[in-house]
Amino acid sequence: MSVGFTPAMLAGLWQERWPSGPPVAHTFRSTYADRWVRFHSLPGSKRYPESEDEYAIVLDRHNTVLDELFAGTDVFVVTMDWSDTATGPAIHAEPRQTLHPDGVHWWTESKQDDPDPEFHVHGRLYADRRPWERGCADDLLRAVADDALADVFLTDTELRRIHHPYDGGADVVLATPEERDRMRGRHIDWLSSHPAGL
């Protein structure tokens, strides 16, 4: 188990810091819109890298923002898988299991709205704690860029700032709208031209 946290502690801290919703990364943009900014990972808002040079740009942009958020601190790295049952095997275990072997299960978010149990989905979140170092999450970031992983995020150990990479960029949620504005201003060239910032 990762040193420095228990699943119950992490779940309790999440509920204290982010009471408006569960730790499901694709919901952060709408749930915390007042503190959210999106950065695209390639020039011209290109979605997928097609060469090693483009992967280098993607990783540099992610790591630049991650350094600004987390340099000199520990982070939680969070990944997710899904199952038809709360404790059953993952629908697609790879590459999450291989790329995040130290992840400890700490949260299950179940969707059981449909009366048909065949349409119930259980998302399981896994976390590990590690010192932030530039490049320490590159394998995960590259898998996300290839759309092989989804709903990955990194956060400081106090859960005040979140970096959620997706295939095409990253959604970042800051502690305050003012902090969000400062970060947005540092990376104007990485913003979308879309009026909603998407």
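Start by selecting Ile162 and Val173: Ile162 sits in strand E6 and stands opposite Val173 in strand E7. Here strands (E, at least two residues) and helices (H or I, at least four residues) are DSSP runs, numbered from the N terminus. You're looking at a predicted model, where local features need pLDDT of at least 70, side-chain atom pairs count only at pLDDT 80 or more, and totals for chains, interfaces and linings use all residues. Residues are numbered from 1 along each chain as its sequence is written, and side-chain values use heavy atoms, with hydrogens and water left out.

**Stop 1: E6 and E7**

Now select residues 162-166, which is E6, and residues 169-173, which is E7. The two strands pair in the antiparallel sense over 5 bridges; to count as paired, DSSP has to find at least two bridges between two strands. They form a hairpin with 2 residues between them. Click on Gly168 in that turn and you'll find a positive phi of about 130 degrees.

Stay on E6 and show its side chains. Which way do they point? Ile162, His164 and Tyr166 go one way, while His163 and Pro165 go the other. In a regular strand, side chains alternate between the two faces of the sheet. In E6, 5 of its 5 residues are buried. Buried means under 20% relative accessible area, exposed means over 50%, and partly exposed is in between (1.4 Å probe, protein chains only).

**Stop 2: back to E5**

Select residues 153-156, strand E5. E5 and E6 run antiparallel and are joined by 2 bridges. Two pairs to click on: Leu154 stands opposite His163 in E6, and Thr155 stands opposite Ile162 in E6. That's the Ile162 you began with, the one facing Val173 in E7.

Is E5 buried on both sides? What covers the picture is this: Phe153 and Thr155 on one side, and Leu154 and Asp156 on the other, are all buried.E5 has another partner too: select residues 74-83, strand E2, which pairs with E5 in the antiparallel sense over 4 bridges. Val78 stands opposite Phe153 in E5.

**Stop 3: the turn between E5 and E6**

E5 and E6 form a hairpin with 5 residues between them. Which residue in this turn has a positive phi? Click on Leu159, where phi is near 60 degrees, a positive value in a residue other than glycine. Leu159 counts as buried because its relative accessibility is 2%.

**Stop 4: helix H5 and the loop after it**

Select residues 138-145 to bring up helix H5. Its buried residues are Leu140, Leu141, Ala143, Val144 and Ala145. What do they pack against? Add helix H3 (52-70), E2, helix H4 (96-99) and E6 to your selection, and you have the elements in question. For contacts, the rule is heavy atoms within 4.5 Å.

Just after H5, click on Asp147, which takes a positive phi of about 60 degrees. Then go on to Asp151, in the loop between H5 and E5. Asp151 has a phi near 60 degrees, again a positive value in a residue other than glycine. Is Asp151 buried or exposed? With a relative accessible area of 8%, Asp151 is buried.

**Stop 5: two more loops**

Select Glu94 and Pro95 and look at the peptide bond from one to the other: it's cis, with omega near 5 degrees. Pro95 is found in the loop between E2 and H4.

Next, find Glu50 in the loop between strand E1 (36-40) and H3. Glu50 has 65% relative accessibility, so it counts as exposed. If your viewer has a distance tool, try it from the C-alpha atom of Glu50 to that of Leu99: these atoms are separated by 21 Å, and the two residues are 49 apart along the chain.

**Last stop: zoom out**

Show the whole chain, with its 6 helices and 7 strands. Follow it along the sequence and you'll pass through α-α-β-α-β-α-β-β-α-β-β-β-α. The C-alpha trace spans about 45 × 35 × 35 Å along its principal axes.

How does the radius of gyration fit a compact globule? For 198 residues, such a globule would have one near 16 Å, and the chain's 16 Å agrees. (The radius is taken over C-alpha atoms, and the globule rule is 2.2 Å times the number of residues to the power 0.38.)

Colour by burial and you'll see that buried residues make up 46% of the 198. Among contacts with a separation of 6 or more, 69% come from residues 24 or more positions apart.
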